[in-house]
Amino acid sequence: MPGPVVLGAEVLGVALGERATLVQFSTAFCQPCRATRRTLAEVAAMVPGVGHVEIDAEERLDLVRELGIARTPTVLVLDRTGRVVRRAAGQPRRVDVIAALGRAV
């Protein structure tokens, strides 16, 4: 059985947040992706040490396939080491993102 998925700065192309990182997979014409971007950016700005990175799913098909991303938006919550602790597809509510961060920090 494979271990937990870990995504580091070398995979994401940006440094991880000090305490946690919100990773969003989006596509150009995805309307819920825009709202998700705003929600995640707001939460990242509210919670110290939390970073937010948006990945264009069409540009990173290798990673999309490796992680089994089936739709956009998909959000991964990473702990400070880059380990995926939560995963959700669809537009999240702010309260759910904050609750998911509780598992990461």
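Which residue forms a salt bridge with Arg94, and how far apart are the closest N and O atoms? In this predicted model, the partner turns out to be Glu42, and the gap between the closest N and O atoms is 2.7 Å. Arg94 sits in helix α4, which covers residues 94-104, while Glu42 belongs to helix α2, residues 31-46, so this pair ties together parts that lie 52 residues apart in sequence. As for how open the two partners are, Arg94 has a relative accessible area of 40%, which makes it partly exposed. Glu42 is partly exposed too, at 36%.

That pair isn't on its own: the count comes to five salt bridges. The general idea is simple enough, since side chains of opposite charge can pair when their charged atoms come close. Another of these pairs joins Arg83 and Asp79, with 3.2 Å from N to O. Here the partners are an uneven match. Arg83 is partly exposed, with 33% of relative accessible area, whereas Asp79 comes in at just 8% and counts as buried, because the cut-off for buried is under 20%.

A further salt bridge links Asp96 with Arg93, and their closest N and O atoms are 2.9 Å apart. Asp96 is partly exposed at 38% relative accessibility. Arg93, on the other hand, reaches 53% and counts as exposed, because that label applies over 50%.

Now for the empty space. Rolling a probe the size of a water molecule over the atoms shows where such space is left. In this model, the largest pocket holds about 210 Å³. Arg93 and Asp96, the pair just described, turn up again here, as both are among the residues lining the largest pocket. Others in the lining include Val75, Val77, Arg86, Arg87, Ala88, Gly90 and Pro92. Val97, Ala99 and Ala100 also help to line this pocket.

Which parts of the fold supply at least two residues each to that lining? They are strand β3 (74-79), strand β4 (84-89) and helix α4. Helix α4 gives the largest share, with four residues. This is also the helix that holds Arg94, the residue from the opening pair. As for chemistry, the lining of the largest pocket splits into seven nonpolar residues, four charged ones and one polar one. Gly90 is part of that lining, and Gly counts as polar.

Key:
Residues are numbered from 1 along each chain as its sequence is written. This is a predicted model: local features need pLDDT of at least 70, side-chain atom pairs count only at pLDDT 80 or more; totals for chains, interfaces and linings use all residues. Side-chain values use heavy atoms; hydrogens and water are left out. A salt bridge is a side-chain nitrogen of Lys or Arg within 4 Å of a carboxyl oxygen of Asp or Glu. Buried means under 20% relative accessible area, exposed over 50%, partly exposed in between (1.4 Å probe, protein chains only). On a 1 Å grid over the protein atoms alone, a cavity is a set of points where a 1.4 Å probe fits but cannot get out, and a pocket is an open set with protein on both sides within 12 Å along at least five of seven lines; lining residues have an atom within 4 Å of a point. Grid points are joined across faces, edges and corners, and a volume is the space filled by probe spheres set on the points.
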